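Student: I am new to this structure and should like to be guided through it. May we look at it together?

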Amino acid sequence: MSRIVAVGTSLPPYILRQEEISEFARRLFSNSFRDIDRLLPVFQNSQVEMRHFCVPLEWFGEPHSFAEKNSLYQECALRLSVEAIKDCLEKAGRTAQEVDHIFFVSTTGMATPSIDSRIINEMGMNIHTKRTPVWGLGCAGGAAGLSRAKEYTTAYPESHALLVAVECCGLTFQHEDKSKSNLVATSIFADGAAAVLIEGDKCEGRTKGPEILHTMSTLWPETEDVMGWDINEHGLKVIFSRDIPSLVDKLLKPNIHSYLEMHQLQASDITHFITHPGGRKVIEAYAEALEINIGRFAHALDILRRCGNMSSVTVLFVLKAFLEKGIGEGELGLITALGPGFSSELLLIRG
C-alpha cells in the first residue's frame, strides 16, 4: 500500500495584506465598475487575510507581456519547487538521489523542457529519474498528482515518488483585463509550492505515514467553460462562471456520497477532512454536502486565511497541517479538490 511520508512547502517573499490588495483593486477597476464599492466586499468575504507573491504590489500596477510573465514563472517556479523539495526530503530522511519518479503539477506557466527537468539538474538527482509533467488541472492538480503517484508506487512498490506542485497565480494577472472574473481572482489567488513524498510498501527503510487506500477522478460533461484559462496575447486570462456556486451545490453532494458508498462508508466514518479551500463558499458547500460542522475544516480555513488560494498547491498545504497534527491508527481521512473541467478529485486515506 502506498504511503504519504512527508510534505514540504515553500512561499515567495512578498507578503501582501488583503486590505492593501483591496485598495489596489479599487484604484485599478474603478473606471470599469461604477458600483466598485458594491463589489469590493468580495475581498473581505473571502476570509483571506494575507497572501504571498513572487513580485511586489507595484508590479501588478503595470502591463507585462506574456513572455515577461512566463520568464518570471520559470525562474520562480524552479526556486520555490527546490525549496519545497528540500523541506520534504529533510522531513522524510531521504536524499534527492533516492527519488525514482517526479510528478510535476502546475497550471500557471509553461516551460519546455519542463520545470521537473530543471529540478533534477538543480538537485543533482539521478539522471535516470523518471518524470511526468502534468499541466492544466488547476485547483484539482495537487490531489490528482497524489493519485498518480499512488498508482505508480502501487505498480512499483519499491519506488519513491515525489509530487511537486507549484503555482505562480499572481504572475498570470492581466492588467488589461477589467472583467469581474479578474476582480474576483484578484481577491483570492496567490503563489506557493509544495512537495510530497509517496513510497511503495517495499521501499527499503520505509517510514510511517497514512496509507492511500483508493482514489477517484470525476469529470462532469459539458462543463469545460466553468473555470480555467483563456490564453490570449497577454497570457492566461482567468475564467470564472457565475454558475460555479450552483454547480457545486448540484454536483458535489452526490459525488462524495457515491464515493463513500462505494467503500460502504458514511461521512460519520471519516475522522479527517483534507479539503482544497477554493474559497469560503466551497468549504461551506463541503460541510453542507457531508452534513458536518464547518469547524471540521479548520486546517483548510486556516490555510485560506494565511495563504489564499494557491490553486493545485493549496490542498497539499492543508495535508501538511493535517500530518503535523497526526492521524490515529486506523482513522480514515478524505482528501478532496475541485478544479476546471469541471472536475473532482477524491482520495481515501487511513492512518
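The questions below concern salt bridges, one helix, a pocket, a cavity, a hairpin and some backbone angles.

Tutor: This is a predicted model, in which local features need pLDDT of at least 70, side-chain atom pairs count only at pLDDT 80 or more, and totals for chains, interfaces and linings use all residues. Residues are numbered from 1 along each chain as its sequence is written, and side-chain values use heavy atoms, with hydrogens and water left out.

Student: How many salt bridges does the count come to?

Tutor: Side chains of opposite charge can pair when their charged atoms come close. The rule used here asks for a side-chain nitrogen of Lys or Arg within 4 Å of a carboxyl oxygen of Asp or Glu. By this rule the count is 17 salt bridges.

Student: Which residue forms a salt bridge with Glu23?

Tutor: The partner lies 3 residues away in helix α1 (residues 18-29), so the two are separated by about one helical turn. Helices (H or I, at least four residues) and strands (E, at least two) are DSSP runs, numbered from the N terminus. Glu23 is partly exposed at 35% relative accessible area, where buried means under 20%, exposed over 50% and partly exposed in between (1.4 Å probe, protein chains only). With the closest N and O atoms 3.4 Å apart, the partner of Glu23 is Arg26.

Student: Lys320 forms a salt bridge with Asp87; how many residues apart are they?

Tutor: The closest N and O atoms of Lys320 and Asp87 are 3.6 Å apart. Lys320 belongs to helix α11 (residues 314-325) and Asp87 to helix α4 (residues 66-92), distant parts of the chain that are 233 residues apart.

Student: Is Glu199, which forms a salt bridge with Arg94, buried or exposed?

Tutor: The closest N and O atoms of this pair are 2.8 Å apart. Glu199 lies in strand β7 (residues 191-199) and Arg94 in the loop between α4 and β4 (101-106), so the bridge ties together parts 105 residues apart in sequence. Like Arg94, Glu199 is buried.

Student: How many of the 12 residues of α11 are buried?

Tutor: The expected span of a helix is 1.5 Å times one less than its number of residues. For α11 that gives 16 Å, which agrees with the 17 Å between its end C-alpha atoms. The helix is mostly covered, and its buried residues include Val315, Leu316 and Phe317. The number of buried residues in α11 is 9.

Student: Which elements give two or more residues to the lining of the second largest pocket?

Tutor: On a 1 Å grid over the protein atoms alone, a cavity is a set of points where a 1.4 Å probe fits but cannot get out, while a pocket is an open set with protein on both sides within 12 Å along at least five of seven lines; lining residues have an atom within 4 Å of a point. The lining of the second largest pocket includes His272, Phe273, Ala298, His299, Phe322 and Lys325. The elements concerned are β11 (272-275), α10 (298-307) and α11.

Student: Which element gives the largest share of the lining of the largest cavity?

Tutor: The search finds 1 cavity of 30 Å³ or more. About 60 Å³ of space lies in the largest cavity, a volume being the space filled by probe spheres set on grid points joined across faces, edges and corners. Among its lining residues are Phe66, Lys69 and Asn70. The largest share, 3 residues, comes from α4.

Student: Which residue of β10 stands opposite Met227?

Tutor: Two strands pair if DSSP finds at least two bridges between them. Strand β9 (residues 227-232) and strand β10 (residues 235-240) pair in the antiparallel sense over 6 bridges, forming a hairpin with 2 residues between them. Opposite Met227 stands Phe240.

Student: Where is Pro113, whose peptide bond from Thr112 is cis, found?

Tutor: Most residues other than glycine have a negative phi, and most peptide bonds are trans. The bond from Thr112 to Pro113 is cis, with omega near 5°. The place of Pro113 is the loop between β4 and α5 (115-123).

Student: What is the phi of Glu291?

Tutor: Glu291 is found in the loop between α9 (280-290) and α10. At 63% relative accessibility, Glu291 counts as exposed. Its phi is positive, in a residue other than glycine, and is near 55°.
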